[in-house]
Amino acid sequence: MADLVYEYSVVVLGAGGVGKSALVVRYAQGQFLSDYNPTIEEQYRCDVQLEGKNCVLDIMDTAGAEQFTALNEVYIKRARGFVLVFSLTQENTLQDIDNIRQQIQMIKGQEANIPIVVVGTKMDLAREREVTRDTIKELASKWGLPFYETSAKNNWHVTDVFHDLLDQMRRRYPDEPLKRRKQKKKTLKGPKHRCIIM
Amino acid sequence: MSGPLTLKQRLHALSTNIANAASGDQLNSPKSPGPRIRAFFSPNANRRQPESGPETVNSQDRVQEVMTKLIFQAGVDYETRPMVVMNASALPDPREVNYDLLLARILSYLNLYVESDYSVVFFAAGGRHTPGWNWVWKAYRSLSRKYRKNLKQLYIIHSNFFTKMLFSLAGAIISPKFFRKITYIDTLSELAYHVPLTQIDIPPAVYQENLKHEKQINLPVPQRANLFGVPLDELMGFNGEKGGIPRVVKDCIQFLRNTGMQEEGLFRRSPNSALLKQVKEAYDRGHVVSLDTFGDPHLAAVLLKKYLRDLPEPLFPENTYPLVRKCPMPTNDPADVSSVIYIRETLLLELPHCSYILLNHVFHLLHEVSLRSASNRMDAHNLAVVISPNLVAGSNPLRDVTLCAIPGGPALYPAQPPSNASSSNPAALTEGKTTLGLVVKLCIQRYYEIFDDLPDRTEVLSQYASAEATVLASGSWSSTSPSFPSSPFRDSHPNRDSMHEDDEDIDDAMLVMPIGPGTSGNRLPGASAPTSWNHITPSSSANFGTVRGRYKSTPSRDAAQSVSTSSPTNGNAVGNGGTSRRGSIAIGRGTTRKSAGAGVTATGITAEGFFSAPGNAPPVPLLPRIDK
């Protein structure tokens with residue numbers, strides 16, 4: 001433990017109801033969020049040990065793409081890593097991902113190697129699945145991004161997602177040990193703060 | 001709008017009859033004429049021919065259903081010839097529908113037009129099913145001269161190489177003259193040069209196909225009936241005097257009422273975003289759009305949200321934020337009306353009246369959606385979360401997020417039991433912390449207390465009359481069983497206004513109170529006598545003594561019946577004592593927000609005459625004469 005803490009801000013984006021919160025809560029809290037409640041905005045902080053270094057993942061869980069479109073830009077500017085979530089059971093949620101992906105590239109400009117992970121959720125609902133593995137392979141090579149198929153319910157590949165992202169961010173921003181910034185400058189969440197520290 | 005639609009319906013009814021009569025012959029001997037346009041379906045799928053498919057009533061219905069999407073008239077073209085649209089993307093699965101029957105129907109439909117000049121717009125692409133060669137051949141052979149003679153133009157849109165080749169070949173061999181009538185068109189923009197495009201209710205598959213050819217549909221003369229992003233008072237008039245809510249809002253609400261109320265995650269989940277854009281642009285072009293053909297409740301819900309979001313001035317502009325914050329903290333106690341009164345009499349009065357009208361309609365829908373949260377999982381809390389962001393667009397998006405938060409909502413974590421979450425002590429939360437999210441949630445929960453009945457002259461006003469009559473006939477309003485004969489009515493009224501869920505009919509049942517006429521006029525929101533607020537739970541119809549008892553005795557406002565009582569009462573009171581109007585046209589009240597005044601009678605009569613006319617006078621001979 002040291003003064004050096006690597007902090008990375010991550011934002012989770014995707015269409016409404018695809019399971020962004022479930023994914024994040026599964027990772028940050030280790031449980032499955034079975035409630036059916038849309039998110040406005042939630043922030044989670046997770047301490048992770050990576051290669052002997054202390055890292056903090058500051059994960060911003062957002063409303064579905066349909067809500068605060070104006071806010072996406074703010075999120076994107078602020079974050080370093082992106083988790084783009086779509087539902088394997090809803091093919092059209094891939095379109096939203098594509099839109100967001102292009103928006104990220106536009107906002108981040110010429111920056112190469114923006115840390116992005118694309119996540120398909122609800123893998124356990126095999127019978128309702130609409131997005132085939134072939135589609136995913138095709139998009140993965142087309143976009144040049146890593147894809148994961150996950151199930152927050154069964155905890156399949158959830159940690160892989162965030163560790164892959166953390167890995168990408170570590171490579172992309174190697175020399176920037178940050179002090180813990182004051183997080184409280186934004187009072188986004190109303191009276192109830194739901195930060196989780198693992 | 002309703003003109004061509006009804007015409008269409010009449011034509012369908014007619015074609016059904018003809019087909020019923022003729023189908024027997026045609027199945028046996030393909031002497032009957034057939035439209036050659038059918039001849040160019042790609043042959044690659046030699047599907048099984050349902051030649052011997054059993055002809056059940058079921059398949060009849062199915063054929064009818066297919067027909068409405070497969071072939072329809074879209075007004076007249078620039079030369080005032082009837083424009084018949086055929087849509088290959090609606091071709092059904094040959095296993096489900098008897099194609100011979102279909103052919104018969106198509107021919108009999110065309111028979112309505114072929115006696116005089118007509119033109120055909122054919123959307124060739126987007127079909128998932130192709131008929132077999134046999135069928136194509138049969139259709140081709142049965143093409144007689146009368147179908148060709150008066151066909152003046154055949155536009156084939158999104159054709160591929162094969163269809164072009166097939167057509168050229170056939171045209172060259174059979175009739176070079178006919179060949180000259182064919183125009184191949186690649187994009188909808190191009191089509192717009194030839195025909196009045198906005199009259200055509202373009203099927204979703206065609207929009208999607210068109211996206212492969214062009215990014216945007218441009219009309220030759222940009223005739224923009226802009227809807228999205230136009231100031232609300234421009235569309236509605238500051239006080240709503242221009243007649244009703246914007247078209248897209250009305251369509252969305254109506255479509256959702258009819259089909260989407262049970263859909264899981266309504267207003268939360270996203271539709272196909274490419275189609276969403278197409279629909280939005282279609283509305284902006286002033287295009288005919290029927291959301292039914294898209295058939296996706298999420299599309300309608302998000303379209304509605306998008307409309308609200310795109311308003312140049314959001315429904316809750318920044319200057320209302322302080323007012324929102326000052327609202328007394330809503331509680332779960334039905335007897336607690338302080339926040340209800342505040343929203344009703346202070347906050348909402350701050351808004352332009354057109355905003356109020358729009359909100360009234362939207363919240364009415366949302367309230368009904370929330371009543372079905374058992375199936376759609378969207379309770380008032382969830383709806384508030386997904387709706388509120390669309391009602392604000394301040395300079396600082398982060399501030400908007402704060403404003404939309406809903407503290408005390410269902411707990412995200414098991415650590416906090418949901419039960420105590422929403423009933424958390426309001427005293428602990430200090431004054432001035434109320435968020436728009438909370439206000440919206442309350443508006444959804446207690447819609448009938450917060451919003452008034454609205455006069456709206458733009459919709460058919462017949463529901464009250466019928467409900468009224470039924471109620472009076474069936475006994476007193478206070479009878480404990482609110483079960484109304486809803487389903488029989490619904491089944492017998494396939495048109496849009498009358499299709500409503502049970503709750504709606506329950507509402508109707510509760511509308512009517514034994515009240516003398518002339519108690520109040522059309523009131524503006526918040527104009528009710530303030531004194532009444534003190535001792536009854538908030539009802540917008542505070543003038544009626546009978547109502548009070550009812551309210552007192554039902555403290556629980558969760559049930560649909562109790563919530564729904566108040567505002568519609570007005571309608572009846574205003575609508576005077578003429579309670580015995582006929583209830584023949586519709587029951588249920590999709591169009592509730594109106595006062596059933598003298599307008600009811602007038603409109604009802606109009607509607608009745610309109611609908612009944614076809615019965616007396618068969619419309620068939622009228623049609624070919626249209627252009628001559």
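In the predicted model, B:R446 counts as buried, because its relative accessibility of 6% falls under the 20% cut-off. The residue occupies the loop of chain B that joins α22 (436-445) to α23 (447-450). Although B:R446 and B:F363 are 83 residues apart along the chain, their C-alpha atoms are separated by 9.6 Å.

A second loop residue of chain B, B:F267, is also described by its backbone and its burial. B:F267 is placed between α11 (247-260) and α12 of chain B, and its phi is near 75 degrees, a positive value in a residue other than glycine. Most residues other than glycine have a negative phi. With a relative accessible area of 1%, B:F267 is under the 20% limit and therefore buried. In chain A, a positive phi, near 60 degrees, is found at A:H157, again a residue other than glycine. A:H157 belongs to the loop that connects β6 (147-149) with α5 (158-172) of chain A. The relative accessible area of A:H157 is 37%; this value lies between the limits of 20% and 50%, so the residue is classed as partly exposed.

Helix α16 of chain B spans residues 338-350. Its 13 residues reach 17 Å from the first C-alpha to the last, close to the 18 Å expected at 1.5 Å a residue. The helix nevertheless bends by about 30 degrees at B:R344. B:R344 is itself buried, as are B:S339, B:V340, B:Y342, B:I343, B:L347 and B:L348 of α16(B).

The second largest pocket holds about 1,300 Å³ of space. Its lining comprises 40 residues, of which A:Q95, A:D96, A:N99, B:S273 and B:A274 are the closest to the pocket centre. Chain A gives two or more lining residues from each of α2 (69-78), α3 (93-108) and α4 (133-143), and chain B does so from α9 (204-213), α12 (273-285) and α14 (297-310). The largest share of the lining is that of α3(A), with eight residues.

At the level of whole chains, chain A contains five helices and six strands, arranged from the N terminus in the order β-α-β-β-α-β-α-β-α-β-α. Of its 198 residues, 58% are buried. Among contacts in chain A with a separation of 6 or more, 76% involve residues 24 or more positions apart. The accessible surface of chain A amounts to about 9,000 Å², and carbon and sulfur atoms account for 49% of this area.

Chain B consists of 628 residues, 57% of which count as buried, and includes 31 helices and five strands. For contacts in chain B between residues at least 6 apart in sequence, the share that joins residues at least 24 apart is 82%. The accessible surface of chain B is about 24,700 Å², with 55% belonging to carbon and sulfur atoms.

Definitions and conventions: Residues are numbered from 1 along each chain as its sequence is written. Chains are lettered from A and ligands numbered from 1 in the order in which they are written. This is a predicted model: local features need pLDDT of at least 70, side-chain atom pairs count only at pLDDT 80 or more; totals for chains, interfaces and linings use all residues. Side-chain values use heavy atoms; hydrogens and water are left out. Helices (H or I, at least four residues) and strands (E, at least two) are DSSP runs, numbered from the N terminus. The expected span of a helix is 1.5 Å times one less than its number of residues. The bend at a residue is the angle between axes fitted to the seven residues ending there and the seven starting there. Buried means under 20% relative accessible area, exposed over 50%, partly exposed in between (1.4 Å probe, protein chains only). Contact means heavy atoms within 4.5 Å. Accessible areas come from the Shrake-Rupley method with a 1.4 Å probe; for residues, only the protein chains shown count as cover. On a 1 Å grid over the protein atoms alone, a cavity is a set of points where a 1.4 Å probe fits but cannot get out, and a pocket is an open set with protein on both sides within 12 Å along at least five of seven lines; lining residues have an atom within 4 Å of a point. Grid points are joined across faces, edges and corners, and a volume is the space filled by probe spheres set on the points.
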